[in-house]
Amino acid sequence: MTTIADPAERLTMGRAEWAMLLALSVLWGGSFLFVGIAVAELPTLTLVWLRVALAALVLWAAVAVTGRPLPRAPRVWAAFLGMGLLNNVIPFSLIVAGQHSIASGLASILNATTPLFTVVVAGLLLADERPGGLKLCGVAAGLAGVAVMIGPDALAGLGTNALAQLAVLGGALSYACAAVFGRRFRRMGVDPLVTAAGQVGAATLLLSPAMLIADRPWTLPMPGTATCAAVLGLAVLSTALAYLLYFRILARAGATSLSLVTFLIPVSAILLGGLVLGERLAPTDFAGMACIALGLAAVDGRLFRR
């Protein structure tokens, strides 16, 4: 199989990249709060469509205000469609379908397999992201930390509802493929802001037919103020701003490093639950965070080399 590599690219995970990864985990961890509010009044496909459509409006407005040049090559616009399909349409649909039959905790653990899939896919396709033993151990430790934080009860349903679990795993695999696929935008010379706008704009177009047919949004009652505010937070913070960080990290640190955010999302979600909702942290939460920290340090490698 032909590998993809660009000798001009130097993938590094420095302080700035770690700071962006932590910020991204907070933005995506906060999406659980926004979705928890909005899902009470909005059907799934409508909520997902509003998330990407409003994010597209914000990002394309930012592109226009900042005067970013638009790509002219048809292959770039085709790549936007591919990225929107791999990073939004397929995983959103599969994970939502899976969560109809399995608990959210188990779904979170299955979704946290994204770095494992990314290590495999990136190792096969990207010559500069070959996995070493330390990196594989770090990914395993991070996955164990997620499982510890969510708790053994979430694993009770493992082995039942196989199709639903395979759907969530399919979503994780799609995220991994998207992270590898998205590396091409740097080689194409596309600005991260334009890439983020192009991706969510393409996802909006791809999701529109299914949303209109399944949800018939014109028949839905007007949502309340809290739901509208949650949708705005989900679109502007957890999607528009988040994907701007996503593509910056991807360009500077690579697919495998970017996928580590799925380990940090449960940490952010639990910490935000404690700060915003007053939820108390259990000892297993701290143990899980320690495993995740160890795993991240192993993937980074610098501490162990010292």
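User: Which residues form the nonpolar patch on the surface, and what is their accessible area together?
Analyst: This is a predicted model, in which local features need pLDDT of at least 70, side-chain atom pairs count only at pLDDT 80 or more, and totals for chains, interfaces and linings use all residues. Residues are numbered from 1 along each chain as its sequence is written, and side-chain values use heavy atoms, with hydrogens and water left out. Patches are made of residues with over 30% relative accessible area and no salt bridge, like charges being joined within 9 Å and nonpolar side chains (Val, Leu, Ile, Met, Phe, Trp, Tyr) within 5 Å, while accessible areas come from the Shrake-Rupley method with a 1.4 Å probe, only the protein chains shown counting as cover for residues. The patch is formed by Val58, Leu232, Val236, Leu237 and Leu241, and their accessible area together is about 370 Å².

User: Is Val236 buried, partly exposed or exposed?
Analyst: Val236 is found in helix α10, and α10 gives the most to the nonpolar patch, with four residues; helices (H or I, at least four residues) and strands (E, at least two) are DSSP runs, numbered from the N terminus. Buried means under 20% relative accessible area and exposed over 50%, with partly exposed in between (1.4 Å probe, protein chains only). Because its relative accessibility is 33%, Val236 counts as partly exposed.

User: Which residues does Ser238 touch, not counting residues up to four places away in sequence?
Analyst: Ser238 lies in helix α10 (residues 225-253), and at 1% relative accessibility this residue counts as buried. Taking contact to mean heavy atoms within 4.5 Å, Ser238 touches Leu27, Trp28, Gly30, Ser31, Phe34, Arg51 and Gly233.

User: Which element gives the most to the largest nonpolar core?
Analyst: A nonpolar core is a set of buried Ala, Val, Leu, Ile, Met, Phe, Trp, Tyr and Cys residues joined through side-chain atoms within 4.5 Å. The largest has 65 residues, and those with the most contacts inside it are Leu24, Trp28, Tyr243, Tyr246, Phe247 and Phe263. With ten residues, the element that gives the most to this core is α10.

User: Why is the pair of Phe185 and Phe247 edge-to-face or stacked?
Analyst: Rings of Phe, Tyr and Trp (its six-membered ring) pair if their centres lie within 6.5 Å, and planes under 30 degrees apart count as stacked, over 60 as edge-to-face and the rest as tilted. A search of the whole structure finds nine aromatic pairs. The ring centres of Phe185 and Phe247 are 6.2 Å apart and their planes lie at 85 degrees, so the pair is edge-to-face.

User: How many residues apart in sequence are the parts that Glu17 and Arg252 tie together?
Analyst: A salt bridge is a side-chain nitrogen of Lys or Arg within 4 Å of a carboxyl oxygen of Asp or Glu, and Glu17 forms one with Arg252, the closest N and O atoms being 2.8 Å apart. Because Glu17 lies in helix α1 (residues 15-38) and Arg252 in helix α10, the parts that the pair ties together are apart in sequence by 235 residues.

User: Which residue forms a salt bridge with Asp191?
Analyst: By this rule the count comes to two salt bridges. Asp191 is partly exposed, with a relative accessible area of 26%, and in its salt bridge the closest N and O atoms are 3.2 Å apart, the partner being Arg68.
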